[in-house]
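Here is a short tour of one protein model, written with the bench in mind. Have a look at the sequence and structure, then read on.

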Amino acid sequence: MFGASLLNPKVEAHFQAYVVRLVSRENHIKFMMSKPVLSDRLARWYLQFQQFELVYIPQKAIKRQALADFLEDHPIRDDLKLTNELPDEDAMVIEIQPPWKIHFNGAAHHGGGGVGVVFITSQGDVLHYSFMLTQLCCNNVAEYQALIIGLEIAVKIKQCQLQVFGDSYLVINQLLRSYEVKKT
């Protein structure tokens with residue numbers, strides 16, 4: 001349990017004893033959880049409802065009268081007190097992981113070029129990647145290719161919070177928008 005519950009104890013017992021099927025046109029829980037940052041209240045509600053087995057079912061076409069009949073058959077008792085207050089206890093802990101680090105480097109030579117990308121995860125694990133470039137290019141192009149490949153890998157592994165490190169002042173300063181790109 002997460003401290004004081006948001007629900008009436010009798011209702012809570014039903015929520016714990018059964019699978020609750022939420023019929024709606026939209027999956028509001030999924031929508032709220034897809035936000036990058038949750039407000040304190042939404043996060044608390046989410047944690048409170050995690051103890052129950054809630055299943056979202058998309059709503060099919062429903063006649064208005066059927067909904068009215070349902071509400072008539074299941075009235076809300078007058079003695080039921082609804083409240084918007086949440087428990088004042090610190091019921092949740094949000095752990096913010098530090099961003100991953102990406103180190104990139106590229107080098108050109110007469111046969112093409114090579115790039116290397118190293119990821120350091122928030123737990124300190126190291127992931128190494130290296131690739132050969134088959135086209136002739138200059139060192140700056142190899143550096144750009146290394147960064148682009150590294151960012152593509154980050155997107156594929158769904159890691160979009162990154163600290164980027166490289167030894168090319170040109171590439172880094174263009175990323176920071178300190179330098180302006182003159183020619184593409």
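## Cysteines and disulfides

A search of the whole structure turns up zero disulfides. Please keep in mind that this is a predicted model.

Why is there no bond between Cys137 and Cys138? The sulfur of Cys137 has its closest cysteine sulfur in Cys138, at 6.4 Å, which is too far for a bond; a disulfide would need the two sulfur atoms within 2.5 Å. Cys137 is partly exposed, with a relative accessible area of 22%. Cys138 is partly exposed too, with a value of 43%.

## The length of helix 5

Let's move on to helix 5, which runs over residues 139-156. With 18 residues at 1.5 Å a residue, helix 5 should span 26 Å, and its end C-alpha atoms are indeed 26 Å apart, so the two values agree.

Helix 5 is followed by Lys158, a residue whose phi is positive, near 60°.

## Two sides of helix 5

Which residues of helix 5 are buried? They are Ala142, Glu143, Ala146, Leu147, Ile149, Gly150, Ile153 and Ala154. These residues cover an arc of only 165° around the axis, so they lie on the same side of helix 5. On the other side of helix 5, Val155 and Lys156 are exposed.

What do the buried residues of helix 5 pack against? Their partners are strand 3 (100-109), strand 4 (112-120), strand 5 (126-133) and strand 6 (162-166), together with helix 6 (169-175).

Notes:
Residues are numbered from 1 along each chain as its sequence is written. This is a predicted model: local features need pLDDT of at least 70, side-chain atom pairs count only at pLDDT 80 or more; totals for chains, interfaces and linings use all residues. Side-chain values use heavy atoms; hydrogens and water are left out. Helices (H or I, at least four residues) and strands (E, at least two) are DSSP runs, numbered from the N terminus. The expected span of a helix is 1.5 Å times one less than its number of residues. Buried means under 20% relative accessible area, exposed over 50%, partly exposed in between (1.4 Å probe, protein chains only). The arc is that of the directions from the helix axis to the C-beta atoms. Contact means heavy atoms within 4.5 Å.
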